[in-house]
Amino acid sequence: MKLTLVLLALVGCVAAFSVPAPTKVKVADSAFLEKQKFLFEIVYRVEDPLSFEEWIKYGKVLVGDKSHYTTYDVHMEKFWESYKLGALLPKGEFFGALVKTHHKQAWGLFNFFYYAKDFETFKQNVAWARIHANEGMFVYALTLAVIHKPEFEGLIMPQIYEIFPQYFFNSKFVYEAEKFDYDVWSKYIMYEKEYKDILYKDVSEFHDNSYFHTKDWKTWQWWKMMGLGEHWYVEDKFFLRENIAHYTKESKYTEITKGLKKFYMPVDYTRDIDFFNAESKLSYFTEDLGWNAFWYYLNLDYAFFLDGKQFGLEKDRRGEFWIYNVQQILARYYQERLANGFGEIPEYFWYKQVEFGYDPQLIYYNGVGYSYRKNYFEYQTYGKFDMLYQIQNFFDRIYNVLETGYYKTADGVVIDLHKPEAVKFIGNYLQGNVDTYDKYFFNYYYMLCHMYFSDVNYYDFEVFPNIFLNFETMMRDPMFYTFHKKIADVFYRFQYYQAPYTKKDLTYEGFNIKDVSVSKLVTYFDFVDFDATNLLNDKMTFVDGKFVWDKALLARQARLNHKPFNFEFDIVSDKVQKGVVRIFLGPKFDEYGRTIPLKYNAQNFVQIDSFVYPFVAGENTFKRGSKDFTWTAEDRATYTELYKYVQLASEGAYEFPLDLSEPHNAFPDRLVLPRGWEHGMPMQFYFFVSPYAEDYEQFSNFDFTYSAGIGSGTRFVDSKPFGYPFDRSIDEYSYFVPNGFFKDVKIYYQDTFAKYFEKKYANFGEFDYSIEY
């Protein structure tokens, strides 16, 4: 599998990276494998009681001796007191990372993990928390610790959608998975086979697919087109994924899955029940697992309550990076809206109805369903006016500060907010992180917004599940983009006060882009199997004390993808020099077919790549493919596979390379391009080359093959502002320079389901593994 560095943020997160020459991949030793095995087993079926005797014995007592920690702070003291008083969030209750009362306890638990001096202390605390602490809080704190604890570099946690599938799949699927019983299923499937043999034996008589009798049949419901029911079926096949060749080329893949019973169930997005409103058409994008997991990990990598100096986050320009990712998420979402005939992201107004409601159709693991919002909903009717006024006051104040142009801190320091370098202050304010200068006023405003939208008060403890209270669920709702557009508007206001780049500013003598050819851009829907084994509800089997993972529950889903594409550059350089090549993708027209002026369109461009290239004097012709993007990830190894890999490696069957799985926070490669149209959706690329002149070497202080490098300060390709050269207000004339190049393209959509409803599917009643894209 490709050695992709967990980089940036989103589709274009700025700082794309240049990739150094491959180095020899590090292999896990026995100590590393022990830690990895512990992490995999401690989160297995996390909502059930811990069943691994090896770890149960560690979980009797939380380590209270302060000498076992590098730091013992007030958050740990408060957590310890809450535990002794029986005031911790109970197990089984909904946990919201953005509920203030929950957040404070999670902070204390995280510190018990993070500040542990040795692995034995860490292991005891984690085992204790697995048994005694709230499940959602436990996973949140543990994941944070594994990401940020320096000595855990390279350790893999299962993806959040594998630990808690309930946050990502609709309640119908969750119910089916949790009541799955192999013995009952075996009898059921035997009777069903007899039924199908009769029903479909003369299927050749039906040339018009008239055997479809379901009244609400929809063309995207591929399982119905293939003659499959929306229930479990078993096949001794490989796990579907875009990069399956990476896993099947070695014999060890077949070895680890030998004897594994794999059960599949079709699962769609929330479209499959009803169109709640027009926005439901975009659910394939807004509810994509990789899209939502990306935002989750971004907000763990740069968690708002972690000190920038202590954790090194200020080295990565944490606030600027966060708000830039918000802008890029909105730009990518807008591109998908255009692909579906929608226009601008709706504006959010405090006292106006939210036109589009949302029903997540999710159910928490305690059985309580997530609250939904009806169409034309009025938030102010909640009556939490004190909370509303605080949020409004924040926006009023930050706009006033930007208009004034300076900010005076409590200790008398004056910050000029009309200078480009002030972006770090604006970014920290907008994220609401602890590095803000005015901690009293700006801190926690972001959390307050989400509590307001979720109808949660300051001191509420036991709350109803709401998607706005956790990072991994909030991007499902179109309201997320509406509100974050309001946050991004503050960022755009800051950019408005920056003097536009002149043509002289953007012209770099010595570079001339003569041409860039782009291969055909094609998107389509393919299939992927997501590991939902954590929902399994049967007995765990142990042989000689070793856990036997003999069943895997897989959610099979159709999702947006694109075919590989490449660029061929023809660039002239007047000397031998290094240059940074940036590639942006943006729309050409709005929903009415009108050309969007660059002045307004710049914020709709997504940076899909940036890299350092060693130019020679004269003409340089080279290719760059979508597979070369270093901030994206293809499909990751599943939880089931990774656990079996660790087991075999622990037994000495083979070596465990640290880059076995794709990084946790890389952006999904499949979502780089919007859906497009069958006749071609007009889009445009902008290519820009600037000299490389940095005094640091990228990746110099971490191993990019398996580490994200959070807090390293060397993640990004250079120190230019994120989004450069679109990081200021725009004078369109200035961007037509020799080292800049616009290219009109079209993105085509290929309907992979057409053959099922236009023609007879010969193997009706079986999944089509022969499907070609």
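Visitor: What is the order of the open sheet of three strands?

Guide: The order is S5-S10-S13, with antiparallel pairing. Strands here are DSSP runs of E, at least two residues long, and helices are runs of H or I of at least four, each numbered from the N terminus. The model is predicted, so local features need pLDDT of at least 70 and side-chain atom pairs 80 or more, while totals for chains, interfaces and linings use all residues. Residue numbers start from 1 along each chain as its sequence is written, and side-chain values use heavy atoms, without hydrogens or water.

Visitor: What makes S5 and S10 a pair?

Guide: Two strands pair if DSSP finds at least two bridges between them. S5 (residues 511-518) and S10 (residues 566-573) have seven, in the antiparallel sense, and therefore pass that test. One of the contacts sets Asn512 opposite its bridge partner Val572 in S10.

Visitor: How many bridges join S10 to S13?

Guide: Eight bridges join S10 to S13 (residues 618-625), and the two run antiparallel. Asn566 has Gly625 in S13 as its bridge partner.

Visitor: Why are S5 and S13 called edge strands?

Guide: Each of S5 and S13 pairs on one side only. From one strand to the next, the twist averages 20°.

Visitor: Which strands stand at the edges of the open sheet of eight?

Guide: The order of that sheet is S1-S2-S9-S6-S17-S16-S11-S12, with mixed pairing. S1 (233-234) and S12 (606-615) are the edges: each has a single partner strand, so one side of each lacks a neighbour in the sheet. S1 pairs antiparallel with S2 (residues 261-266) over two bridges. Val234 stands opposite Phe263 in S2.

Visitor: Why is H6 called roughly perpendicular to H14?

Guide: The axes of H6 (residues 135-148) and H14 come within 10 Å and cross at roughly 65°. That crossing makes H6 roughly perpendicular to H14, because the class covers 65 to 115 degrees (under 35 is roughly parallel, over 145 roughly antiparallel, the rest oblique). Axes are lines fitted to C-alpha atoms, for helices over the stretch in contact, with angles from 0 to 180 degrees between N-to-C directions. The crossing of H6 and H14 is right-handed: the near helix is turned clockwise from the far one by less than a right angle.

Visitor: How many cavities of 30 Å³ or more does the structure hold?

Guide: Five. A cavity is a set of points on a 1 Å grid over the protein atoms alone where a 1.4 Å probe fits but cannot get out, and lining residues have an atom within 4 Å of a point. The largest has a volume of about 240 Å³. Of its 25 lining residues, Tyr161, Phe530, Glu634, Asp635 and Arg636 are closest to the centre.

Visitor: Which element gives the most to the lining of the largest cavity?

Guide: S6, with four residues. Helix H7 (160-163), H14 (289-301) and S6 (521-531) each give two or more. The lining divides into 11 nonpolar, four polar and 10 charged residues.

Visitor: What lines the second largest cavity?

Guide: This cavity holds about 70 Å³ of space. Its lining includes Tyr44, Arg45, Phe547 and Trp549. By class, the lining has six nonpolar, one polar and five charged residues. Charged means Asp, Glu, Lys or Arg; nonpolar means Ala, Val, Leu, Ile, Met, Phe, Trp, Tyr, Cys or Pro; the others, Gly among them, are polar.

Conventions: On a 1 Å grid over the protein atoms alone, a cavity is a set of points where a 1.4 Å probe fits but cannot get out, and a pocket is an open set with protein on both sides within 12 Å along at least five of seven lines; lining residues have an atom within 4 Å of a point. Grid points are joined across faces, edges and corners, and a volume is the space filled by probe spheres set on the points.
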